[in-house]
Structures are given as C-alpha cells and as structure tokens.
Amino acid sequence: MHIDGCQTQSSDKILHCNAQVWVQPWIQSSKEIEIKCEKNSEESKGDLENDKFSSDRIKRQITHDEDDIDEDTKYYYADRAVHYINEKESTNNLNKLITIHAFESSTNMGVNMIKMYIEIGLTYCLRHEDEAELQNCEELSGIYHKLCYVRLWPSPDDELVVQSLAVVCDDERDFKSVTGLSITNLIKEAVKELESSPKIKNKLVHLGEPHVVPSLDSRKPTQLSFIVRATNCSKYVDIEKDRFQCYIDNSRLPKPCTSSIWMAANTKKIRKVTTRCSRSLPNRSRRSLSFDTTNTTSDEKLIQGMVRESLDKLEMSSLLNYKQKLLQINSFMTNITRGRLTTIDFDVAYTTCLKYEWVDNMTACEIIEHLPRRHCISQVRERLWIQNGREITVNCDDDETPLESHIEYETADNGMALANEALKHIEAKYPHPNKQKIVRVFSLEKQQVAGLHFRLKLEVGITDCLALSAKKDCKLTKNMSTNKFCRVNIWLRPWSEHPPLYRVICDYQDEASHEFFFEVQAERLFSDFLTTYMPDYIDNKSEMVKRYNIFKDNVKRIHELNIHERGTATYGVTRYSDLTYDEFVSKYMGLKTHMRNENLIPMRQADIPEVALPENFDWREYNAVTEVKDQGSCGSCWAFSVTGNIEGQYKIQNDELVSLSEQELVDCDKLDDGCNGGLPDNAYRYILSASYFSQHQTCVYAGV
C-alpha cells in the first residue's frame, strides 16, 4: 500500500516515534524492531524556540535514553550552560557555544540528571548588549576555545525547567577534580605510548594546544589531537628532572598525532591508549612580504589576514592604551601537516590611536617616537579537523634603543642620574609591591629657560626585590609586559634654594587608581614585615589592624622622604615601621636631659684646636670604630654614645680597639634609668667612680 497520496491530519494527531532495529546477520531473516511513540506538541516546540528560558510550557514526557532526547532539547541545555558561564565571567565579552562533544542522561533515585561536555569560544559581542544575537556573534580570532563540563537537573515534571545547574571549565582549578579529566596526563600517556615503540629512540615533547573530544561513555574513547617533536635526548631521560638538558631537534619535522584514550568507568583512570601519527610534509617559507593588498597572491592575502588577527591578539594582551601598527612582515614559514602551523616574523610600533577606538584607516595613526619598536613572532595553529580551529600565540620583544640625546650632554651617566632621581617620584606616584628600575632612557632634552629644564622619556621595569628595599643588586623580571613608559619634566633653578621640581606621567596605570595600588603595595610590604620581624601582636587581630594602619602611614612618609631628600640618605621599611613617632620616641630615644644634676661640678669642655680639616676623614680606615651595634627595644642610646666615644679615645691613646659593655651601664649605673633613658654625663661619672668597666664579651648586651 502506498501512502504518498494520503493527507496529513491536524498537528495534534502527529506522533513522535523512536524505533530500535536489531539485525543479526548471522541468522537469516533475523530482525527485531521495537517502536515507541508519543504525541508531538508543536506548541511546546514553538515555546522552546521563542522563549528558551521561560518555565511556562506544555509538559512533555521525559525518557531516560539519550537517543530519546531530541537535538533541540540538547542545545537548549547547552545554551542554558553558556548563559550561566557568561553570568560568571569577569570579562565583558560573551562566550558562545561552538559544539556539544558528549551528552548523557541518567536517573538516580528518581532524580533526573544531564551531563555533557561543551566547547565554547569568546566573541566580540558584549554583555548586556548582544545576548539576544549571541549565536550570530563573530568569534574573537586567535583565542583558545574552552572545554566545559556541565551538569544540570531538569524538573521531573517538565524537562525544559532546569532546577539546578553546575558548570566547570578547563581553565578553572576544580576541572580535574570534578571531571577526573587531566589533559596534561592524557598527553603524557599518549606520548609515553608513542615512546614505547622500539622505533622511537629520542624523547618526544608535545607542542601547542591540544584538541580534546571527551567521552562520557567508558565504552567510547576520548579523542586527543596534538603535535609532537623529537628532542636530542634519549627517550629514557626524565625530562621533568633534567628540564634544561634537552632541546628540540630542528632537523626533524613535527608530526600531528591522534590518540584514542579509554577511561575506567568509575575511577576515571586511563586503562588503554592507542596513538597514531602521520608523516609531516616539508616546510614552505617566504622571505619578506609587503602589507600592500595589490598584486598579492591568495597565500599572501592569507598571511596578511593572520597578521591582522595577531595584531588584534596583541591589543587584547597589551597593558598600554595605544594601537599597534604594522611596519613590515619580515618572513613567514608554514608547516603543512594534518593541521597547519604558520610562523610569521613582523615588526610593529605604537601609535597615537587608542586601542579600543574604531579606526578605518590606520595610516591616520601617527607612530609614537618615544615608545620602542617591537619585533614579534606569531605562531598560528590551524586545526583543520574542526571548524574555526585557529589559535594564535604572539610574543614580542622591544628593540634595544640606546640613550639618545637631542642635545650635546656631558655624559650618559649624568642622564641616568637624573632618571634615577625621577624614579623615586615614579615609585611614589605609581606604587608597586616590587622595586622598580630604569630599563633605558629613550631620549633626553635640555633647555635653558628660567633655569634648566630637562625632558626625559624612560622605560621603567619591575624587579625581583620588594619595594623600598635597600638591596642594590635587584634584577629586572622577565615579564616585560608590566613595564611602564614615562615622561619626566625636571625644572632646576640653580640661583635659588628651591629643590628641583619633578613632574612624571606614566602609561599603564591610571592616577585615579593610585590608592588601590598603594594599598596593594602596603599589604605586601606589611606581610613581609610580619614574616621578617614576627611581632608579638601577630595573633591579635585588633592590634594587627591598628599596626597595619600605622605601617601604611609610615610607607607614605617613606615615599615623601625619598622624594624630598636632598642628601644621600635612602629611606625604607625597618623593624620600627609599625610605630608612631611618639611611640618610637618613648621607646627608643632614651636621652633624658632633665636628669642632669645642677649641684654637680660640670664636666670640662674639650679644647678644639684650630686645624685645617681634610675634605674626607673616616675613622673606620684607622680601625678606631667597632662594628654596628643594635640597642633593640631598649631606650639605652645614652649608653651606646658613651661606650662608642670611649672606644675611639682608647684606640687613639693605646693603639688598641676594645668593645665595651653597654649592658653594664644599663644594669649598674644608678644615676640613670636603664632602658627607660639616661644622660651621657651621668654615665661618664659612673665610669669614673667604678673601679672596673667590662668589655662586651664579658657582659653581653641583652637590651633589658
């Protein structure tokens, strides 16, 4: 009977059917067919399409076989997960669904649960503006996709009502513990399986970002696609222990590989791995390419497009607010494998256009001369087996511009001296937890107008030392992206007593955020202070808060002192930085002038002869000064001043340097008040009356 001519009845009579056909070829004419049907509801489907997040829908029969959940419902769940992810994201750019990799529906004690892996990508669309058109949003080029594990619990009455939802993505710390899936371990096992072959003699390492297609069914393997390269080391070398011993053998081409990895159902342990690699094709390279679009081949246009995408990636990662402009493409090279790896060498420069503004014609953006040119290497990996599988990694180095003077200047050292003085103002205005350092001086100008006017353009980097540290051997960190580019104006008026006037302006950090960055610096320094000095209030919360606020005020004072210091002193954090001025005076400044006894005969004043004084004189060169001593938490400065004077006089008279005991004065001089203060005059009288005065080693200083 043919039914082609039969007309369909109304939609409420349409059935949705699911057929399972089991064929046994080894038994002739053996075929079992099982069919399940239910009423279809166009109204319910329409609600699903028009209002995805509405709970007011026609209820549908829920089955617990994955095959019974239609594609619309699967993508509805995936869209709910993407919406949840976008709500949690800190960025304003929205993610969109790329694909669903695995899907599983189950029921446990009457509770329905959906599990799935989805792949998402970041788009140009913005939060609160483009949610309605999310699937039409264009992806951001060169940004890795994220793999996310989704669990959601539908209502037992209506599968389109989601009662609870949980999502974890592969860039989150909990991804491995929740999913049991470690991409790092998968790659290690895949590489280990390759190295088990007797044909492989050298250690293999993987390159780039792998592509993972996970499975929720232990009967189906997780698919892993990646690229490996051979090193110079034997495959028996433990590369984790000898990380710097092995290097990539560039004489051998990379190979694309695909692994099938079966996981144990409950433990998620790897139980079987099979890996196959295909042969690589030779490289194609091309030297020098113009960015002019006229008379270019299709390959050249492709490279130019990759450079534009690389510039977009640079702008997203740049801490400066300026657009970067292509100067030239030096060379490019393509490895054709199952995927494709294109390496592009090009130069860029910062321009006067802001990176977030729309610019139709980049030629209108002028190059900023005082900012460095940049030499960049972009690696574009195209995973040809998936749609939009392009990933871009860009690394740039600034060219080493030497000190350039627009005028004849005495020496470059004088220019660096000005720059280092300006650095104190930069550190105060743009605080950072670590000490900052001049990387280079781009230009130096000098003008004689109402005094001397200097203009400097500097690059300032972050070092491995803490801010306000007294260390001199601080090394610049390798992360050059945190460097600041600063403009400095210095006005000197030699005829007056006014100090030099400094004005500094730096990129990278807004002045309005000064308080925030200062708070970060103060917290970091206070944490180091607590670790270093272990004060007794470390377990007292209220006292800790009080001391931190005092410490923070003192850090501000330290910056002010460094800026206005006209001598050679440098100020920093010490063990006394958590004290107020009054607390420090009462605790450590033990000079008590009121203890002078007016009834005693005053000591004879020293006779100062008329002599010609040398320009420099240092008693240390004559071994007339003992080592630096610490009075500790004791107001015994009066005792240290007396012993230091007598030690020097004894050396001059007897040609012998001895270290005398301040503790004897603190304990035995009853004319003074020990750690509560004293007067040097009284200490001298005690020594004159004593029959013996101890040396330091026989009466060691205790500070109590």
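User: Under what relative accessible area does a residue count as buried?

Analyst: Buried means under 20% relative accessible area; exposed means over 50%, and partly exposed lies in between. This model is predicted. Here, 40% of the 704 residues in the chain are buried.

User: What is the accessible surface of the chain, and what share belongs to carbon and sulfur atoms?

Analyst: The accessible surface is about 42,500 Å². Carbon and sulfur atoms account for 50% of that.

User: How many helices and strands does the chain have?

Analyst: The chain has 12 helices and 19 strands. Among the contacts with a separation of 6 or more, 63% link residues 24 or more positions apart.

User: Now the sheets. How do strands of a sheet pair?

Analyst: Strands pair through backbone hydrogen bonds, either parallel or antiparallel. Now take a case from this chain. Four strands form an open sheet in the order S3-S4-S5-S6, with antiparallel pairing.

User: Which strands stand at the edges?

Analyst: Strand S3 (93-108) and strand S6 (162-169) do. Each has a single partner strand, so one side of each is left without a neighbour in the sheet. From one strand to the next, the twist averages 20°.

User: Over how many bridges do S3 and S4 pair?

Analyst: S3 and strand S4 (residues 111-126) pair over 13 bridges, in the antiparallel sense. For one position to look at, find Lys96: it stands opposite Gly121 in S4.

User: Which helix packs on the sheet?

Analyst: Helix H2 (residues 71-88) does. H2 touches S3, S4, strand S5 (146-154) and S6. The direction of H2 makes about 125° with that of S3.

User: Let's try single residues. Is Ile558 buried or exposed?

Analyst: Apply the cut-off. Ile558 has a relative accessible area of 8%, so it is buried. Ile558 sits in helix H8 (residues 541-564).

User: Which residues does Ile558 touch, not counting those up to four places away in sequence?

Analyst: Ile558 touches Leu468, Tyr571, Gly572 and Val573. Compare sequence with space for one of them. Ile558 and Tyr571 are 13 residues apart in sequence, and their C-alpha atoms are 5.8 Å apart.

User: And the surface? Which residues form a nonpolar patch there?

Analyst: Phe617, Trp619, Tyr622, Val625 and Ile652 form a nonpolar patch on the surface. Together they have about 510 Å² of accessible area.

User: Where is Trp619 found?

Analyst: Trp619 lies in the loop between helix H9 (581-588) and helix H10 (637-654). Its relative accessibility is 42%, so Trp619 counts as partly exposed.

Conventions. Residues numbered from 1 in each chain as written. Predicted model: local features only at pLDDT ≥ 70, side-chain atom pairs only at ≥ 80, totals over all residues. Heavy atoms only, no water. Pairing = 2+ DSSP bridges. Helix = DSSP H or I, 4+ residues; strand = E, 2+ residues; numbered from the N terminus. Axes fitted to C-alpha atoms, helices over the stretch in contact; angles between N-to-C directions. Contact = heavy atoms within 4.5 Å. Buried < 20%, exposed > 50% of the residue type's maximum accessible area, 1.4 Å probe, protein only. Patch = residues over 30% accessible without salt bridge, like charges linked within 9 Å, V, L, I, M, F, W, Y side chains within 5 Å. Areas by Shrake-Rupley, 256 points an atom, 1.4 Å probe, with all protein chains shown as cover. Salt bridge = Lys/Arg side-chain N within 4 Å of Asp/Glu carboxyl O.
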